[in-house]
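Hi everyone, thanks for coming. Let's have a look at this one together, and please stop me if anything is unclear.

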Amino acid sequence: MSNPVAKAWICVGIMMLGVVLMMTSMAFLGNKVLLYLFLISGIAVFIAGIVLHFVIVRCPHCNSYLGRVQGPRCPYCGREYNEKA
Ligand SMILES: [Zn+2]
């Protein structure tokens, strides 16, 4: 899979999972061990999603980091992501 739009959504999904883990930790306010376990793993998963986004959401042609991917074309080199190199 080389489509950066699909990759960006996977990273957003990982970040969402981190948020869900952080919110789940709030259900364990009476249990500090579980609270910190979920909170720290949630933050770690969230950061991993951001880092993964920065690493893999890149133009397949010019390798520029795309940030928030908009439209089917790279804003840097103007080529379509699905276009064969
Ligand atoms: Zn490009």
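Let's start with cysteine 77: is this residue buried or exposed? The answer falls in between, as cysteine 77 is partly exposed, with a relative accessible area of 32%. To call a residue buried, we would need a value under 20%, and to call it exposed, one over 50%. Cysteine 62 is also partly exposed, at 33%. Please keep in mind that we are looking at a predicted model.

Now, what do these two cysteines do here? Both coordinate the zinc ion through their SG atoms, together with Cys59 (SG) and Cys74 (SG), at 2.2 to 2.3 Å. Why is the arrangement tetrahedral? The four donor atoms subtend angles of 105 to 114 degrees around the zinc ion, and that makes it tetrahedral. If you read along the sequence, the spacing of the donor residues is C-x2-C-x11-C-x2-C. Cysteine 62 and cysteine 77 both sit in the segment after α2 (32–56), so this pair ties together parts that are 15 residues apart in sequence.

Next, the largest pocket. How much space lies in it? About 200 Å³. Which element gives the most to its lining? That is helix α1 (residues 4–25), with four residues. Among the lining residues you can find Val5, Ala8, Trp9 and Val12, and also His53, Tyr65 and Arg68. By type, the lining divides into six nonpolar residues, two polar and one charged.

That's my tour, so over to you for questions!

Methods
Residues numbered from 1 in each chain as written. Predicted model: local features only at pLDDT ≥ 70, side-chain atom pairs only at ≥ 80, totals over all residues. Heavy atoms only, no water. Donors = N, O, S within 2.8 Å, 3.2 Å for Na, K, Ca; no water. Tetrahedral: all angles 85-135°; square planar, octahedral: opposite > 155°, others 65-115°. Helix = DSSP H or I, 4+ residues; strand = E, 2+ residues; numbered from the N terminus. Buried < 20%, exposed > 50% of the residue type's maximum accessible area, 1.4 Å probe, protein only. 1 Å grid on protein atoms, 1.4 Å probe; cavity = no way out; pocket = protein on both sides within 12 Å on 5 of 7 lines; lining within 4 Å. Points joined across faces, edges and corners; volume = space filled by probe spheres on them. Nonpolar A, V, L, I, M, F, W, Y, C, P; charged D, E, K, R; others polar.
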